[in-house]
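Here are some exercises to work through with the model open in front of you. Try each task yourself before you read its solution.

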Amino acid sequence: MATSGFDIKGTDLDAFWMPFTANRQYKSAPRLLVEADGMYYKDINGNEVLDGTAGLWCCNAGHSRKKVSEAVSHQISRMDFAPTFQMGHPLPFELASRLSKMTPAPLNRVFFTNSGSESVDTALKIALAYHRANGQPTRTRFIGREMGYHGVGFGGISVGGIGNNRKTFSGQLLAGVDHLPHTLDLDRNAFSRGLPEHGVERAEALEHLVTLHGAENIAAVIVEPLSGSAGVILPPKGT
Ligand SMILES: Cc1ncc(COP(=O)(O)O)c(C=O)c1O
């Protein structure tokens, strides 16, 4: 029995199919985290592990913050869930209203989702629905970027530009998607201090695609301001 009180000897590790993980290799020597405090995890054997990525970029305020756990525990003991189909709860309205004050105009409506993948697929749908409702139903094409990561839904991998995420589903992705070139340019930008000098001209590809397809057929362009999953790729100066 490990010091944590967890015992995995009788657990069928194969039952949990882990995403973005070499499952056989991982399960032959599992690294199990069982506690967290501030910026450290503790593994099943009691070793401290520095959490250099804030969970998966989702625990940026630090782990096990008392204020956060008290707020969650207070809410869950009062009401664990309320539907948002035709009904509601005051707090999402308050949160949306506070967020809309932080975002620049005209970003003043909030649609809550459970993940980035769901957010991206929803954003693509909202773009299509918006143009249709706005009397421009021909605006259906999307433009993403090579090496971009937009999650694992069909929409997200379609506009995303990571070959390994796409190739298994080739031919089944969203139709009418083009990709801008990525901005990784090691020959010219390696070891740059601050934003890299070279590559602003790659943004011109957008103009070419607009000329090729016609703006009236393009629904949206989706790019990460700072590419993060296919390597952290800083945008060149001027983009
Ligand atoms: C830009 C971007 N879009 C979408 C996603 C997908 O988010 P999730 O892993 O929550 O589905 C990520 C995740 O890192 C992301 O960085």
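**Exercise 1. Place Phe20 and look at its backbone.**

Solution. Start with the location: Phe20 sits in the segment before α1. Keep in mind that you're looking at a predicted model.

Next, check the backbone angle. Phe20 isn't a glycine, yet its phi is positive, at about 45 degrees. For background, most residues other than glycine have a negative phi.

Now the surface. The cut-off for "exposed" is over 50% relative accessible area. Phe20 comes out at 62%, so Phe20 counts as exposed.

**Exercise 2. Find another residue with a positive phi, this time between β4 and α6.**

Solution. Go to the loop between β4 and α6, where you'll find Met147. Met147 is not a glycine either, but has a positive phi of about 70 degrees.

**Exercise 3. How many aromatic pairs are there, and how are their rings arranged?**

Solution. Step one is the count: there are 2 aromatic pairs.

Step two, take Phe20 and Tyr149. Their ring centres are 6.3 Å apart, and their planes meet at 75 degrees. An angle over 60 degrees counts as edge-to-face, so that's the label for this pair.

Step three, ask what the pair connects. Phe20 belongs to the segment before α1 (23-28), while Tyr149 is in the loop between β4 (141-145) and α6 (154-159). The pair therefore ties together parts that are 129 residues apart in sequence. As for the surface, Tyr149 has a relative accessible area of 25%, so Tyr149 is partly exposed.

Step four, turn to the aromatic pair of Phe154 and Phe169. Here the distance is 6.2 Å centre to centre with 80 degrees between the planes, and this pair is edge-to-face. Phe154 is in helix α6 and Phe169 is in the loop between α7 (163-166) and β5 (177-180), so this pair ties together parts 15 residues apart in sequence.

Step five, check how open these two are. Phe154 has 49% relative accessibility and counts as partly exposed. Phe169, at 34%, also counts as partly exposed.

**Exercise 4. Which residues surround the ligand, and which polar atoms lie by the ligand's own atoms?**

Solution. List the shell: Ser115, Gly116, Ser117, Tyr149, His150, Gly151 and Glu224 surround the ligand. Sort them by class and you get 1 nonpolar, 5 polar and 1 charged.

Now go through the atom pairs:

- Gly116 has a backbone N or O atom 2.7 Å from a ligand oxygen.
- Ser117 brings a polar side-chain atom to 2.5 Å from a ligand oxygen.
- Tyr149 has a polar backbone atom 3.5 Å from a ligand nitrogen.

Finish with the area. On its own the ligand would expose 390 Å², and the protein buries 60% of that.

Did you spot a familiar name? Tyr149 of the ligand shell is also the ring partner of Phe20.

**Exercise 5. Where is the cis peptide bond?**

Solution. Look between Ala105 and Pro106: they're joined by a cis peptide bond, with omega at about 5 degrees. Then place the proline: Pro106 is in the loop between α4 (90-102) and α5. As a general point, most peptide bonds are trans.

**Exercise 6. Compare separation along the chain with distance in space.**

Solution. Work through three pairs, using C-alpha atoms.

First, Gly5 and Ile44 are 39 residues apart in sequence and 8.3 Å apart in space. Gly5 lies in the segment before α1 and is exposed, with a relative accessible area of 52%.

Second, Pro19 and Lys237 are 218 residues apart along the chain, and 35 Å separates them. Pro19 is found in the segment before α1, and at 59% relative accessible area Pro19 is exposed.

Third, Pro137 and Arg65 are 72 residues apart in sequence and 47 Å apart in space. Pro137 is in the loop between α5 (116-133) and β4; with 43% relative accessibility, Pro137 counts as partly exposed.

**Exercise 7. What are the domain bounds, and what distance separates the centres of domain 2 and domain 3?**

Solution. Read off the assignment: domain 1 covers 1-80, domain 2 covers 82-112 and domain 3 covers 114-221. Then take the centres over C-alpha atoms: those of domain 2 and domain 3 are 26 Å apart.

Conventions
Residues are numbered from 1 along each chain as its sequence is written. Side-chain values use heavy atoms; hydrogens and water are left out. A residue is near a molecule or strand if one of its heavy atoms lies within 4 Å of it. A polar contact is a pair of N or O atoms within 3.5 Å; within protein, one must be able to donate a hydrogen and the other to accept it, and residues adjacent in sequence count only if both atoms are side-chain atoms. Accessible areas come from the Shrake-Rupley method with a 1.4 Å probe; for residues, only the protein chains shown count as cover. Ala, Val, Leu, Ile, Met, Phe, Trp, Tyr, Cys and Pro count as nonpolar, Asp, Glu, Lys and Arg as charged, and the others, Gly among them, as polar. Rings of Phe, Tyr and Trp (its six-membered ring) pair if their centres lie within 6.5 Å; planes under 30 degrees apart count as stacked, over 60 as edge-to-face and the rest as tilted. Helices (H or I, at least four residues) and strands (E, at least two) are DSSP runs, numbered from the N terminus. Buried means under 20% relative accessible area, exposed over 50%, partly exposed in between (1.4 Å probe, protein chains only). Domain bounds come from an automatic or database domain assignment.
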